[in-house]
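I set out to look up the aromatic ring contacts and the charges placed over rings. My entries follow the display.

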Amino acid sequence: MKKLLAISLTAIVAGAFYLTSCNTTSNENTTEEVKTVHFSIKGKTIENRKHVYVVDPNQRFANIITVPVDSVDMTFSIEGDTTENTELCLRYDGGKVFYRFFVDETPLEVDLVNNVTLKGSEQNIKVSRYLNQFDALQKELTETMAPVRNLMMSGEWDSKKSEYPEIDAALTRIRHSQDSIVRDAVENNPDNFVPTLFLFDYKYLDDVDNEKIKALVAGNVAYKNSSEVKRILKSIEKEERQKNLAGQKFVDVNLQNLEGQPAKISDFCGKGKYVLIDIWASWCGPCRFSMPHLAETLETYKDKNFDILGISIDTDTAAWRKGVRDLEVSWNSLCIPTGQDGWENELTDSYGVEGVPTGVLVSPDGEILSIDHPMNLIQNLDEYIK
């Protein structure tokens, strides 16, 4: 894969868990009418649970259906009507969202104890199989990388992995196994919606480029008009936009400061200093991990005409302010304006941000020198600051 942790750290990227909406009556990418179907689910959950919920990821994982669990045999039954091939999730009380399925007319029978589909349509049987295989590898990956996680988060893994040959070999094996699952799911299911679960992971395979993605989703595939395709095409557009920013003047956007007052990037950039713009979020683990390293870098380069500007994509400004306090951020801190979406806003659109943290290094006269992970930028600052 192009990025070792592209799958293991997907929680921090915009494509981490995109799902189609069940609230529209026509497809958002075309005027073609979509079909509303009746779906039914029967199953069994773990002991001592009172409810099972159908969750809509497009509504911030809100519970859209709640059904009781039989207190004797822990069984449940769900029925509903929504757009065909909408992806929804199941969870039980006290549990995380973990069972994913596509809405179709074939009744589902599920085992939430082992997270498997017992009976259902071919695509839902495949969803269960692919995701269980992938999740088992993900668990192994997480356990394997635990001893060297800090090296990976700090960007030092490539230079030091030779010191951990057994871990490196295990990670490579797991990565290749995950790659195989992703490739099979995307390339061998043109007649169903299974590929939409893996399109963003497919994008990171070594032999897959943006043109291959575009050709794939433009072909004779059942999911051509899905919202997931729209999202990945927009992701590609933002990525290509970002590649063209180096050498151009920084893009000024409207933001807010810690006091809630209007602020702009131009208040801090293009004023005679090198500025590293750190685009982050308070809920982002890798972002928080990088903060001490940024602070150390600022101390090292404080006499070399260098500064840092933090810009958060938090939608909860209280959480952002708490993050700034808890992490003892000493540099100027801004946030997207209240009411804007965390991923779809003027900042992320202007800088092609698809994941956090994202770093933008700006010259004293306001030229964008490089866009990369902040840890990579601070390790190579000497290339720019003499």
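**Aromatic rings: notebook entries**

I began with tyrosine 164, which is partly exposed at a relative accessible area of 30%. I noted that the model is predicted. Which ring does tyrosine 164 pair with? I found tryptophan 157, with the ring centres 6.1 Å apart and the planes at 35°. I recorded this pair as tilted, because that angle is neither under 30 degrees nor over 60. I looked up the burial of tryptophan 157 as well: its relative accessibility is 5%, so it counts as buried, the cut-off being under 20%.

I then searched the whole structure and obtained eight aromatic pairs. One of them joins phenylalanine 39 and phenylalanine 101, with 6.3 Å from centre to centre and 50° between the planes, a tilted arrangement. I located phenylalanine 39 in strand 1 (residues 36–44) and phenylalanine 101 in strand 6 (residues 99–102), so this pair ties together parts that are 62 residues apart in sequence.

Are these two phenylalanines buried or exposed? I entered phenylalanine 39 as buried, at a relative accessible area of 5%. Phenylalanine 101 is also buried, at 2%. I further noted a cluster in which ring pairs link Phe39, Tyr99 and Phe101.

Last, I looked up charges over rings. The ring of tyrosine 130 has the charged end of arginine 129 over it, 5.1 Å from the ring centre. For tyrosine 204, I found the charged end of lysine 203 over the ring, at 5.4 Å from its centre.

Definitions and conventions. Residues numbered from 1 in each chain as written. Predicted model: local features only at pLDDT ≥ 70, side-chain atom pairs only at ≥ 80, totals over all residues. Heavy atoms only, no water. Phe/Tyr/Trp six-rings, centres within 6.5 Å; stacked < 30°, edge-to-face > 60°. Helix = DSSP H or I, 4+ residues; strand = E, 2+ residues; numbered from the N terminus. Buried < 20%, exposed > 50% of the residue type's maximum accessible area, 1.4 Å probe, protein only. Lys NZ or Arg CZ within 6 Å of the ring centre and 35° of its normal.
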